[in-house]
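Subject: Structure handover

Hello,

The structure is pasted in below, and my notes on it follow. Please read them with the model open.

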Amino acid sequence: MEGSVRVRFAPSPTGLLHIGGLRTALYNYLFAKGNDGTFVLRIEDTDQARYVEGAEEDIQRSLKWAGMDVDEGPENPGDVGPYRQSERKDMYEQYAEQLVEQGNAYYAFDTPEELDQMRERLKKSGNPSPKYDAITRMSMKNSLTLPEEEVERKLEEGEEYVIRLKVPRRETIRFEDEVRGFVSFESKGLDDQVLLKSDGMPTYHLANVVDDHLMKISHVIRGEEWLSSTPKHILMYEYFGWEPPKMAHLPLIMSPSGGKLSKRKAESEGIPINTKDYIEQKFEPEALVNFLAYLGWSPGDDSEIHSLGELCEMFSLDRVSKGGAVFDYKKLIWYNEHYLREKSADELWPRVQEIAKEHDLDPDEEYMKQIIPLMKERVSKVEDFVTMGRFFFEDPEEYEDKAAKKWNDDSAELLEAYVEKIEDLDEGAFEAKTLKDKIKEVIEEYDVGFGPVMMPLRVAISGMGYGPDLTPTIELLGKETTIRRIETAIEKLG
RNA sequence: GCCGCGUUCGUCUAGGGGUUUAGGACGCCGCCCUUUCACGGCGGUAGCACGGGUUCGAAUCCCGUACGCGGUACCA
């Protein structure tokens, strides 16, 4: 249908899917789904040297994990495939040739060494950014400067060549960006971009224009790093006589220390960089999605929490912000905690069980489902149920320094008194309320506050200075375990 | 260097000439709840980069400066 929305997420399989890439995918997805459109996945694997095995699978897995269903892609092709550029190789050449025939592109035979020399030469003569452009191309080896017969001969002899876009000398290229408004560039600042590489593969610039047209893409939503090359793309649409899709360039995700959030920076600042990391660290996908949606976009009201489905309804390109957005890890954690608390023990159990197994624990389902509600209000990530809750399964081996400091001179005496009181309790009477009453009895008898009993007790039971509500915890642990841990603590801490 | 894009609390942002003593969220701080750890509730902290215009009036429009970011490949 003419006029229908079709967007594409077009990552290059050169590594694991970056968190910034995931956000680009998300904005494309939200825009598509909010406009009854189609979300296309296209793999841009034209750089054979940088291809990474398994990267495509990682992209698919990541999108799926985040809840984004691909309408058309390598795994579920529509009728404009194939969806991997390497499989479309033959299509690009004819378009590049078309441009040559029309006089909008030309063959160039310069070797990489010759290009380097040209750049060196220009740099030495004071040009800091040498370009293969309307001026320099006249002194290079290409079909514009060489005699026609020589060009023919080189082509026939199979000499390596590239096809370059013939950028006009003086022309203003203006286009409207959906997030930034009108943007214009002077063609003299552009270089004669290589369209077809000597290995026969197209560059990104050719491939994305040809594919977006052939795949009937209505809106190109991509990162701001592409803004500068958009005029070249606009030129090509013009030469092909195609109507360009609408363009939308998203602000970059920045590192807290400034600059594009790169792998290196993110890691040194403790921010996971790949979607895979978030999956492995057991983040709630809803949290990451919600967080990412708000990183560079906002609905304009005061709301903060929205599901993927709601975001689809609310999203619009004109509410995307223009400035770069710093990745706020703490806010992500806040989102994660929020979504965790919304989930029931039944929902959480299978995941907790899996994580427990990774930690060599094999929790009983009923037992764990009693622990989960006790801890839900204080975990940041689902794996905390296992790590922070480890004492539910085994006696603390040592006591956290900070926790041990809460152990005072009279702690042993107070806990001894407590043990005496609970020792006589029947199994049936060993429940939270009674256990709490017994604490009260101790503090009254010794005329101390709640803390002096509670804190050492918590330390003895869990080895930590914080954690779930204590008496229900003790109830769950049972009499034998509780007394044993108290006795151990008295022994160890004096 | 050149080209382009940007700049509202520490961070994400609302606000697009008078409704603003610039709103919300995260963080941080305090109080309440809780005779424990939290959750939660309430409150506080903190911002229109700077300089010129335009206007009765500018965070909002224009110009300049500064700063930041991106691009400047036979990478995407």
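In the lining of the largest pocket, α1 gives the most, with 4 residues. Helices and strands here are DSSP runs (H or I of at least four residues for helices, E of at least two for strands), numbered from the N terminus. A pocket is an open set of points on a 1 Å grid over the protein atoms alone, where a 1.4 Å probe fits and protein lies on both sides within 12 Å along at least five of seven lines; lining residues have an atom within 4 Å of a point. The lining comprises 38 residues, with Pro11, Ser12, Thr14, Glu225 and Trp226 nearest the centre of the pocket. Two or more lining residues come from each of β1 (6-9), α1 (19-34) and β8 (219-223). By type, the lining has 15 nonpolar residues, 13 polar and 10 charged. Nonpolar covers Ala, Val, Leu, Ile, Met, Phe, Trp, Tyr, Cys and Pro, charged covers Asp, Glu, Lys and Arg, and the others, Gly among them, are polar. The space in this pocket is about 1200 Å³, a volume being the space filled by probe spheres set on grid points that are joined across faces, edges and corners.

Before the rest, the conventions: this is a predicted model, in which local features need pLDDT of at least 70 and side-chain atom pairs count only at pLDDT 80 or more, while totals for chains, interfaces and linings use all residues. Residues are numbered from 1 along each chain as its sequence is written, chains are lettered from A and ligands numbered from 1 in the order in which they are written, and side-chain values use heavy atoms, with hydrogens and water left out.

Next, the RNA. RNA strand B is surrounded by 65 residues (a heavy atom within 4 Å of the strand), and the closest are Ser129, Arg378, Phe450, Gly467 and Asp469. These residues divide into 24 nonpolar, 15 polar and 26 charged. The largest share from one element, 4 residues, comes from α12. Of the strand's atoms within 4 Å of the protein, 73% belong to sugar or phosphate and the rest to bases.

Some individual polar contacts follow (N or O atoms within 3.5 Å; within protein, one must be able to donate a hydrogen and the other to accept it, and residues adjacent in sequence count only if both atoms are side-chain atoms). The side chain of Arg164 has an N or O atom 3.2 Å from a phosphate oxygen of RNA strand B. For the side chain of Arg180, the partner is a sugar or linking oxygen of the strand, at 2.4 Å. A polar backbone atom of Gly296 lies 2.8 Å from a phosphate oxygen of the strand. Within the protein, the side chains of Lys343 and Glu286 make a polar contact at 3.0 Å. Lys343 sits in the loop between α12 and α13 (345-358) and is buried, with a relative accessible area of 9%. Buried means under 20% relative accessible area, exposed over 50% and partly exposed in between, using a 1.4 Å probe and protein chains only.

Last, the aromatic rings. The whole structure has 19 aromatic pairs, counting rings of Phe, Tyr and Trp (its six-membered ring) with centres within 6.5 Å; planes under 30 degrees apart are stacked, over 60 edge-to-face and the rest tilted. Tyr107 and Tyr161 form an edge-to-face pair, 5.3 Å centre to centre with 80 degrees between the planes. Tyr107 is buried at 12%, whereas Tyr161 is partly exposed at 21%.

Regards
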